[in-house]
Amino acid sequence: MEGCGIVFGATGRKYRKLAQRAARNVRQVMPHIPIDLFTDEPLDDAVFDRVVLLERGSYRPKMEALLRSRFERTIYLDCDVVVVNDITDLFVLLERADIVGAHEQYGSAPITLQKVRLDIPPAFRQINSGVFGIRKSEATDAFVRQWRDDFIDLNLKVDQPLLRELLWQTDLKVFILPSEYNQMHFPFVRVASDRMMATRVLHIPRMHDNERYAEPPDQPFNPADFLPAGARDRFNAMLATDQTLPGHVAEARALRGDALRRIPLIRRFAGNLRRLMS
């Protein structure tokens, strides 16, 4: 898609490796979409079309990545995000919207409840900035600059409460994505029906806590390593029933389905064996 691309921002060795793995998941389902990495050290990895060195020191490089993105329509992804189905439809949304993002699923969590300067009603939920789309313009550049500058000036530790406040005040056109595009609460996957959409993006914050998730950087993440057994089974079934999935990724869906089936099949076999012996 002309003028469209995905960007990652990563500082430090562990996060660069996570970005390398996450980018490979993107390649599996969207092989022709350009992917750029904004980072603090040079990196030679063919999974990225460009590796761009960050200009400003910050452990929140996403604002700089969004500002310096070469794309007219950009999807920013955190390094703990695993794309499991095609999300090129987000670029279509950005033909009409200035910003796209999904609600933070944990509405009563401490970060979600954090106030920066304004009292905002709970119904105006935070946007989770780990999957964040933006259409480049003078207005959106100004928005991201204010987000970056306020974040630094206020010495904040997390960016989403401030983003919520700025979105509350903005006149930009914001589209809210379905939760399937930034799925963080995996029990929702387990109880989904055949009439629901299959997950497009898994967001897995626990990757931050263990170095092992960064290895090996030359391999994509296996979603089966993160989804509980029931959620894996349901996700795999929905790959066959979701009528909104693009037909051209059928082979990739089948491959991912095989990966997601491995552990559940073993567990089902063990369960059947126990029942036969009891």
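In the predicted model, D141 has a relative accessible area of 16% and is therefore classed as buried, the threshold for that class being under 20%. D141 belongs to helix α5. Apart from residues up to four places away in sequence, D141 touches L67 and K136.

Helix α5 spans residues 138-153, 16 residues in total. The distance from its first C-alpha to its last is 22 Å, close to the 22 Å expected at 1.5 Å a residue. Besides D141, the buried residues of α5 include the aromatic residues F143, W147 and F151. T140, V144, R148 and D150 also belong to the buried set of this helix. The cover over these buried residues includes two helices, α2 (62-68) and α6 (160-169), and two strands, β6 (99-103) and β7 (127-135).

Just after α5, the backbone at N155 adopts a positive phi of about 55 degrees, although N155 is not a glycine. N155 is placed in the loop between α5 and α6. Its relative accessibility is 55%, so N155 counts as exposed, whereas D141 in α5 is buried.

The chain as a whole contains nine helices and nine strands. Of its 278 residues, 51% are buried. For contacts between residues at least 6 apart in sequence, 72% join residues at least 24 apart. The accessible surface amounts to about 13,500 Å², and carbon and sulfur atoms account for 53% of that area.

Two loop residues flanking β6 were examined individually. Q105 is situated in the loop between β6 and α4 (110-113). With a relative accessibility of 16%, Q105 falls under the 20% limit and is therefore buried. A polar atom of the Q105 side chain lies 2.7 Å from the backbone nitrogen of M184. The side chain of Q105 also reaches the backbone nitrogen of H185, at 3.1 Å. When neighbours within four places in sequence are left aside, the contacts of Q105 comprise R125, S179, N182, Q183, M184, H185 and F188.

E95 occupies the loop between α3 (89-93) and β6. Its relative accessibility of 47% lies between the limits of 20% and 50%, so E95 is partly exposed. Excluding neighbours within four places in sequence, E95 is in contact with R73 and R135. The C-alpha atoms of E95 and R135 are 7.6 Å apart in space, while the two residues are 40 apart in sequence.

Five aromatic pairs are present in the structure. In one of these, F8 and F48, the ring centres are 6.5 Å apart and the planes meet at 70 degrees, so the geometry is edge-to-face. F8 lies in strand β1 (residues 4-10) and F48 in the loop between β2 (35-39) and β3 (50-53), so the pair ties together parts that are 40 residues apart in sequence. F8 and F48 are both buried.

A further aromatic pair, Y213 and F226, is tilted, with a centre-to-centre distance of 5.5 Å and an angle of 40 degrees between the planes. Y213 and F226 both lie in the loop between β9 (201-203) and α8 (229-241), so this pair ties together parts that are 13 residues apart in sequence. Y213 and F226 are each buried. Together with F221, Y213 and F226 form one aromatic cluster.

The loop between β9 and α8 also holds P216. The peptide bond joining E215 and P216 is cis, with an omega of about -10 degrees.

The number of disulfides is zero under a cut-off of 2.5 Å between cysteine sulfur atoms. Two cysteines were considered for burial. C4 has a relative accessibility of 1% and is therefore counted as buried. C79, with a relative accessible area of 6%, is also buried, since that value is under 20%.

Key:
Residues are numbered from 1 along each chain as its sequence is written. This is a predicted model: local features need pLDDT of at least 70, side-chain atom pairs count only at pLDDT 80 or more; totals for chains, interfaces and linings use all residues. Side-chain values use heavy atoms; hydrogens and water are left out. Helices (H or I, at least four residues) and strands (E, at least two) are DSSP runs, numbered from the N terminus. Buried means under 20% relative accessible area, exposed over 50%, partly exposed in between (1.4 Å probe, protein chains only). Contact means heavy atoms within 4.5 Å. Accessible areas come from the Shrake-Rupley method with a 1.4 Å probe; for residues, only the protein chains shown count as cover. The expected span of a helix is 1.5 Å times one less than its number of residues. A polar contact is a pair of N or O atoms within 3.5 Å; within protein, one must be able to donate a hydrogen and the other to accept it, and residues adjacent in sequence count only if both atoms are side-chain atoms. Rings of Phe, Tyr and Trp (its six-membered ring) pair if their centres lie within 6.5 Å; planes under 30 degrees apart count as stacked, over 60 as edge-to-face and the rest as tilted.
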